[in-house]
Amino acid sequence: MPATEVAAFLPAVADVGGQVFTRAPWREPYAQARAVAARLRADAARPGFVLAVAMAGEELVGFAYGHRCSALAVTAGCPRGADFTLKELGVLPDFRGQGIGAALHDRVLSASGGGPWWLATHPAATAALGLYRRRGWQAVAAQPAATSRLIMRKTRHIDPAQTVFAMR
């Protein structure tokens, strides 16, 4: 989605953030969890910005976005490059387990223009970690305990829509 269309989704992104990031393991205060929309709006102006949304009828049920950024690479002690950071991915609790998070993830990475890709997540976010590991992410560093973030890296992306499966 082009950055020019982001504003239309900000209230719904704030609502999803308020329902997702107030829960364990993040447990952010409600106002802070909804601030994901303000971060998205600011990041929309960054190079390589990509936003994907999942809709159920007229309701936004999930979103993911990222942009070109080497900050996590530097934090992990890696050289800067043509890095892409997956900044946020959230799916409403009632819609989890349906492949929406995986589809959002794949859409953003496919539209990113290439990696390596970086993300930071909570080390106790077991569902998110499972998704990321199934998609080839590897933990490379932990940020200080005060931030409770695990930095992950992915160097190769295979678009599942372009994968041919052979059955025997």
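Me: Which residue in S4 is the bridge partner of Phe84?

Reply: In this predicted model, strand S3 covers residues 84–91 and is joined to S4 by 2 bridges, the two strands running parallel. Phe84 belongs to that S3 range, and its partner in S4 is Trp117.

Me: What is the handedness of the β-α-β unit made by S3, helix H5 and S4?

Reply: S3 and S4 run parallel. Helix H5, residues 100–111, joins S3 and S4 in forming a β-α-β unit. The hand of this unit is right-handed.

Me: Which residue in S6 stands opposite Leu119?

Reply: S4 also pairs with strand S6, which spans residues 150–154. This pairing is antiparallel and extends over 5 bridges. Within S6, the residue facing Leu119 is Met152.

Me: How many of the residues of strand S4 are buried?

Reply: S4 is bridged to S3 in the parallel sense and to S6 in the antiparallel sense. The strand runs from 117 to 121 and is mostly covered. Of its 5 residues, the number that are buried is 4.

Me: Which element gives the most to the lining of the largest pocket?

Reply: The largest pocket has a volume of about 940 Å³. Of its 39 lining residues, the closest to the centre are Phe21, Trp26, Leu89, Ala128 and Tyr132. At least two lining residues come from each of helix H4 (71–75), S3, H5, S4 and helix H6 (126–134). With 7 residues, the element that gives the most is S3.

Me: How many residues in the lining of the largest pocket are nonpolar?

Reply: The lining of the largest pocket can be divided by residue class. Its charged residues number 7 and its polar residues 10. The nonpolar count is 22.

Me: How far apart are the closest N and O atoms of the salt bridge between Arg34 and Asp15?

Reply: The whole structure contains 6 salt bridges. One of them joins Arg34 to Asp15, with the closest N and O atoms 2.5 Å apart. The pair links distant parts of the chain, since Arg34 lies in helix H2 (residues 30–34) and Asp15 in helix H1 (residues 10–20), 19 residues apart. The distance asked for is 2.5 Å.

Me: Why does Asp15 count as partly exposed?

Reply: A residue is buried under 20% relative accessible area and exposed over 50%, with partly exposed in between. Asp15 therefore counts as partly exposed, because its relative accessibility is 37%.

Me: Is Glu28 buried or exposed?

Reply: Glu28 forms a salt bridge with Arg149, the closest N and O atoms being 3.9 Å apart. Glu28 sits in the loop between H1 and H2, whereas Arg149 is in the loop between strand S5 (138–142) and S6, 121 residues away. Arg149 is partly exposed at 24% relative accessible area. For Glu28 the value is 13%, so Glu28 is buried.

Me: Which residue is linked with Asp43 and Arg46 in a network of salt bridges?

Reply: Arg46 forms a salt bridge with Asp43, the closest N and O atoms being 2.9 Å apart. Arg46 is partly exposed at 42% relative accessibility, whereas Asp43 is buried at 5%. The network of salt bridges that contains Asp43 and Arg46 also includes Lys87.

Conventions:
Residues numbered from 1 in each chain as written. Predicted model: local features only at pLDDT ≥ 70, side-chain atom pairs only at ≥ 80, totals over all residues. Heavy atoms only, no water. Buried < 20%, exposed > 50% of the residue type's maximum accessible area, 1.4 Å probe, protein only. Pairing = 2+ DSSP bridges. Right-handed = clockwise from strand over helix to strand, strands pointing away. 1 Å grid on protein atoms, 1.4 Å probe; cavity = no way out; pocket = protein on both sides within 12 Å on 5 of 7 lines; lining within 4 Å. Points joined across faces, edges and corners; volume = space filled by probe spheres on them. Nonpolar A, V, L, I, M, F, W, Y, C, P; charged D, E, K, R; others polar. Salt bridge = Lys/Arg side-chain N within 4 Å of Asp/Glu carboxyl O.
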